[in-house]
Amino acid sequence: MRFREFLADRLGMIVLQLFCAILAALFLLATGTQPGVIMILLLFLFFIFGVAQGAAFFRGRARLRELEAVMNGLDQKYLFTECVPAPKGLYERRLFELVRRAGRDMAGVVSDAEAAQREYREYVERWVHEIKAPITAAGLICRKLEGDTRRRLDYELGQVEAHVERALFYARAESPERDCVIRQVNLGKAVTRAIESHRTLLIMGGVRLETEGLDRMIYTDEKWAAFILGQLLQNAVRYRGEAPVITISARSDKAQVQLTVRDNGIGIPAHELSRVFDRGFTGSNGRNREGSTGMGLYLCKKLAGFLDLGLSLTSEEGKGTTVLLTFPAKGNLTKM
């Protein structure tokens, strides 16, 4: 709090007190009091008034700094009213009581909202596990078919399963610590898992897949890493160009492993690159092609943040897109 702000806040009271002092001086002058005496009285009153205002300013500033220090020292800011020093004065005590009541009411509302969200998330997880059974059964039935019909049904079932899997990971992303287990895994195994999950999609898209240098050990959750890679493969197939090729390669960089997923697809316009990880952003390519939800890269970024993975994307319109995943060394993990 600055002195100028303090004066502006008390301007009405200051003007009233000055007005009263002038009226008192005029009254004394009208009753025959000598001007010199009146001047001395006014100077004395102004001195007392100034000291009182200065003391109030320094006292108020010290109190605000004390409260700000308490607030800044809290990790959970909503506990502020429970941790502040004892209120000073009747007004501050009543004000803190009102704030505490509002805080408790807000905590109750937040608790109810969190419980409802938790129940919905658990329902989605159960639904996903239940829906996988008929999808698997439909896949087995498809094996009895022949030719193009089988391939098309396999493709559509793969799309359904991909959407279901995305819904599951979206629900789990709110509390990833319940499902995520970071351990040492083989990068090639995680990549193979992602490829196998999207084999029909890759075949139907006519994609040629090239891999290089994947026999490396990394520290991550294999299932989550495979999901992220699967989303990248889906995007590469959806936005493919002619004679599509996806290259997946890895190299070691000091104590880290960098995985590159590169395609020769239609690419992303330069002005949209800064928004590709935004929730629900589909871009001009997504609007021109059916099936885009704008959730794939958003989920990749969110899950990568929890796994301590570096995730960056570069693209040139008409030439393709490159995604770089950087897996941390064990010593650099913060969520082991």
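Of the contacts in the protein between residues at least 6 apart in sequence, 69% join residues at least 24 apart. The model is a predicted one, and its secondary structure comes to eleven helices and seven strands. With a radius of gyration of 34 Å, well over the 20 Å that the globule rule gives for 336 residues, the protein is more spread out than a compact globule. Here is a short tour, from the whole chain down to single residues.

**Overall shape and surface**

- Taken along the principal axes, the box filled by the C-alpha atoms of the protein is roughly 120 × 45 × 40 Å.
- Buried residues account for 36% of the 336 residues.
- The protein has an accessible surface of about 20700 Å², and carbon and sulfur atoms make up 57% of that surface.
- There are 47 positive and 39 negative charges in the protein, and the mean positions of these two groups are 4 Å apart.

**Helix H3**

- Helix H3 covers residues 35-72, which is 38 residues.
- From its first C-alpha to its last, H3 reaches 54 Å, close to the 56 Å expected at 1.5 Å a residue.
- Which residues of H3 are buried? They are Ile38, Leu42, Gln53, Gly54, Ala56, Phe57, Arg63, Leu67 and Val70.
- These buried residues have several partners: they pack against helix H1 (3-9), helix H2 (11-30), helix H4 (80-83) and helix H5 (90-142).
- As background for reading such a list, an α-helix has 3.6 residues a turn, so residues three or four places apart point the same way.

**Glu97 in helix H5**

- Helix H5, one of the packing partners of H3, contains Glu97.
- Is Glu97 buried or exposed? Neither word fits, because its relative accessibility is 38% and Glu97 therefore counts as partly exposed.
- Pro87 is ten residues away from Glu97 along the chain, and the C-alpha atoms of the two are separated by 9.6 Å.

**Helix H11**

- Helix H11 (296-307) comes just ahead of the loop that leads to strand S6 (310-316).
- The end C-alpha atoms of H11 are 16 Å apart, which agrees with the 16 Å that its twelve residues should span at 1.5 Å a residue.
- H11 is mostly covered, with nine of its twelve residues buried.
- The buried residues of H11 are Gly296, Leu297, Tyr298, Leu299, Cys300, Leu303, Ala304, Phe306 and Leu307.
- What do the buried residues of H11 pack against? Their partners are helix H6 (147-172), strand S3 (217-220), H9 and S6.

**Two loop residues with positive phi**

- Asp308 follows H11, and it sits in the loop between H11 and strand S6.
- The phi of Asp308 is positive, at about 60°, although Asp308 is not a glycine.
- Asp308 has 21% relative accessibility, so it counts as partly exposed; the cut-off for buried is under 20%.
- Ala243 also has a positive phi, in this case about 50°, and Ala243 is not a glycine either.
- Where does Ala243 lie? Ala243 is in the loop between helix H9 (222-238) and strand S4 (245-253).
- Ala243 counts as exposed because its relative accessibility is 61%, and exposed means over 50%.

Definitions and conventions: Residues are numbered from 1 along each chain as its sequence is written. This is a predicted model: local features need pLDDT of at least 70, side-chain atom pairs count only at pLDDT 80 or more; totals for chains, interfaces and linings use all residues. Side-chain values use heavy atoms; hydrogens and water are left out. Helices (H or I, at least four residues) and strands (E, at least two) are DSSP runs, numbered from the N terminus. The expected span of a helix is 1.5 Å times one less than its number of residues. Buried means under 20% relative accessible area, exposed over 50%, partly exposed in between (1.4 Å probe, protein chains only). Contact means heavy atoms within 4.5 Å. The radius of gyration is taken over C-alpha atoms; the globule rule is 2.2 Å times the number of residues to the power 0.38. Accessible areas come from the Shrake-Rupley method with a 1.4 Å probe; for residues, only the protein chains shown count as cover. Lys and Arg count as positive and Asp and Glu as negative; His and the chain ends are not counted. The place of a charge is taken as NZ of Lys, CZ of Arg, CG of Asp or CD of Glu.
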